[in-house]
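This report introduces a structure to a reader who has not met it before. Please look at the sequence and the model shown here before reading on.

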Amino acid sequence: MIVLLTPRALRAVLAWGTFLPLAWLSLVVPAQGQALAAASERSVKAAFVYKFLGYVEWPDNAFASGDAPIVVGVIGADDVAAELADIVRGRSVNNRPVEVRRLHAGDPVIGVNVLFVGAAEHARLPQIMRAAAARNVLTITEVDDGLDLGTVINFVLVDGRVRFEVSLDAAERAGVRLSSRLLSVAHLVRMGSR
Amino acid sequence: MLARARSVRQKVMVVVLATTVTALLVTALAMLLYETRAYRSAVVSDLTTQADILARATAPALAFDDPAAASENLALLRARPQILAAAITARGRTFASYRAPDAPADVLTHFAADGGAGEGYTIRGREITVVHAIVENNERVGTVLILARFELLSRLTDYLGILAAVLIASLTAAVLLSAALQRGITEPILALADTAHRVMDRRDFSLRVPKTTRDEVGYLVDAFNSMLAEVGRRSEALEETNRSLSREMEERRGAEDALRAADRRKDEFLATLAHELRNPLAPLRNALAILKLAGNDPDKAQQAREMMERQLSQMVRLVDDLLDVSRITTGKLSLRKELVELGGIVRSAVDTARPFIDARHHVLEVTLPPRPVMLAADPTRLAQVFSNLLNNAAKFTPLHGRIGLAVERDGGDVVVKVTDNGIGIDVDQLPTVFEMFAQVDQSLERTQAGLGVGLTLARRLTELHGGSLAASSGGPGRGSTFTVRLPLADTTAAAEHRPIHDASNGATAGHRVLVVDDNQDFANSLALILRTMDNDVRVAHDGVTALELARQFHPDIGFLDIGLPRLNGYDLARRLRDDDGTAAMTLVAITGWGQEKDRRKAFECGFDHHLVKPVETAHVLEILGRIATRHASPGDVRPS
């Protein structure tokens, strides 16, 4: 018997997953969350951003050529940008190299495939989101109302651990497709019109 | 097993069962081997697929450090009860794990040894461990470990159980099927064997095996049946041969007995013959002595001569009878049949028997029918029959008896009965009285002598005439009756035949006679008789002398012996016929050879008459009389 993890099944899993007895989980998962240092939190997010790239599909016209790099723009989070730059060095995703670009608020969002906006730019987030709209950009934020502001992926802290939530509507609007496998590990998946 | 089986049926069954069992066992072994391999590869393939799916599903959880999601994925393995436990490890740590509800609590420690091991599967006892790498974006991010039951043994046990059941069912089916099918093969063989048994037990070769098949057994049945038929035929033939052999033996024994009896009779006959021949010799010697002693006493000489004549004629009759018997026995007696009147023959027979009848002082009564009775017969022989019967009656009737001879017609036959009031015949003896040399009284004290051939001769002669002779008697002391039955002649042909006797009416004197015989006594005695009758007689004792004598003497008639020195009788006759001077003379052959061929040869050589020794004077005189008639009319040409 083969277990097929279809999106529907996944949703079912997600719906009651939280009620599963997790007693034995403590046995295998070390208590790494409580004393999560700030630096660690930044590097986890950087790693997550890199890992997101493997679960995202862009339309063909999003790239200039077949081997054009995936460009990740970072606004208001230099530490993450630095960490990310370290991670992507010498690595590729789907045969494309990854390029990290530091941007400033107000910079035109052009030639960028992923845009990470740090919490520092919370105030100007709506403006940034508008600039990025309809440009096939996977937007990632780390604020509590991120999804409300129209980002596709938003980092949250759950029990001191870095988790993320996903808005399928936002992804649809942005013109990117997210793998169901990514959704399966999302803390929350928002669907339907806002 | 095959060698121990007693019957073909058992052997066939053993063959079928052995074949079936072997085939089933080989099949079962092959299926077990295949099942072992197939089960392992199926389990491995299943678990590997499962691990792969888990790996792919769990990769994001690993990537985003979400053990809860991973655990949820693993928890789905509950649907697979054979999976005892599963775990996902990454960077040397266990990221998530799963334990089946019925699995032992310490099952997860089994992974300790496998943690971080290379990909693949390991089978240990009744468990299998599959290790599968989790690769994401070309990087190995972790490992999936699955521990499952590997129940090959129980599966094989189940399988063996099924195979055993199939084996038993197959064997049962095979036994039933072969029992039903082998009938076609074994039953004809069993029928064959059964019949063979019965044939051997009963020695009955008429049994046959029913043929029911057309195969080799059918051929065998045919061969066996034809073999039985052949054996039966042969044993039957053998039995038939045995039967005919024993029959032949019996016949031979009977013939031997008959021969012995005949031999005994012949011995007795020889003794009788010697006695009978000797009997007349004593009176003859006495008569000769009387003649010597009597000298000139004519009365006594006359008496002696009469005595000698009687004894001599008795001896002649004896020898004649003997010769006749021998002729009849060798089939050489032939009749000279002519048309004759029975009355004459009876009278002739009575004349012959009269002296003996008178001597015994019997009264003879002859009754003849008023009209003459014509027969085609040899008068001499027929007269012999009646005289024999009369002699027999006279002999076996005490002195002064009564003898009757009666002739009467009976339809197409004539019946002559000779009766007497003599000693009669015992009923037991009736069938044997006609046997040769048979004499009713075998004792030494018997009163009547004789050779015992008279009745035999009479019966044979009667039969040669186409008639029969039967004897009857009222018993001892009551006389006997002998009945002769003869067929009457066709009287329409009577006119053509004239009795030979009518010719003898001429003179017996005055002839020129030549007598030729090397037996001087016979020649001289015959010459003496003829001279006594006033004939001119010359005698020769050999052929050449006779021929010369005839040429000088010119005889009217010649009495020639056949067996002559220098020139035999036949040649002498031819020479005489060739010579003109003697060609016309009458030639009479006188010989001891009385057979028909001798007679024919004599006539061929030119003889006119043929007389057999001993010659009766009456015959000689009769022939003389006939040539006298011819001489009475000179110039009469002798017919050619």
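The following paragraphs describe chain B as a whole, then one of its strands and the partners of that strand, and finally a residue of chain A.

The model is predicted. In chain B, the secondary structure consists of 16 helices and 17 strands. Of the 640 residues in chain B, 27% are buried. When contacts in chain B between residues at least 6 apart in sequence are considered, 64% of them join residues at least 24 apart.

Strand E5 of chain B covers residues 139–149, and 8 of its 11 residues are buried, so the strand is largely enclosed by the rest of the structure. Two strands that pair with E5(B) are set out below, each with one pair of facing residues.

| Strand of chain B | Sense of pairing with E5(B) | Bridges | Residue and its partner in E5(B) |
|---|---|---|---|
| E1(B), residues 83–90 | antiparallel | 6 bridges | Ala85(B) and Leu147(B) |
| E4(B), residues 127–136 | antiparallel | 10 bridges | Ile134(B) and Gly142(B) |

E4(B) and E5(B) also form a hairpin with 2 residues between the strands. In this hairpin, Asn137(B) takes a positive phi near 50 degrees.

In chain A, strand E8 spans residues 161–167 and includes Arg161(A). Is Arg161(A) buried, exposed or partly exposed? With 17 other C-beta atoms within 10 Å, Arg161(A) is partly exposed, because a residue counts as buried at 20 or more such atoms and as exposed at 12 or fewer. Along the chain, Arg161(A) and Val44(A) are 117 residues apart, while their C-alpha atoms are separated by 9.5 Å.

Key: Residues numbered from 1 in each chain as written. Chains lettered and ligands numbered in written order. Predicted model: local features only at pLDDT ≥ 70, side-chain atom pairs only at ≥ 80, totals over all residues. Helix = DSSP H or I, 4+ residues; strand = E, 2+ residues; numbered from the N terminus. Contact = placed C-beta atoms within 7 Å. Pairing = 2+ DSSP bridges.
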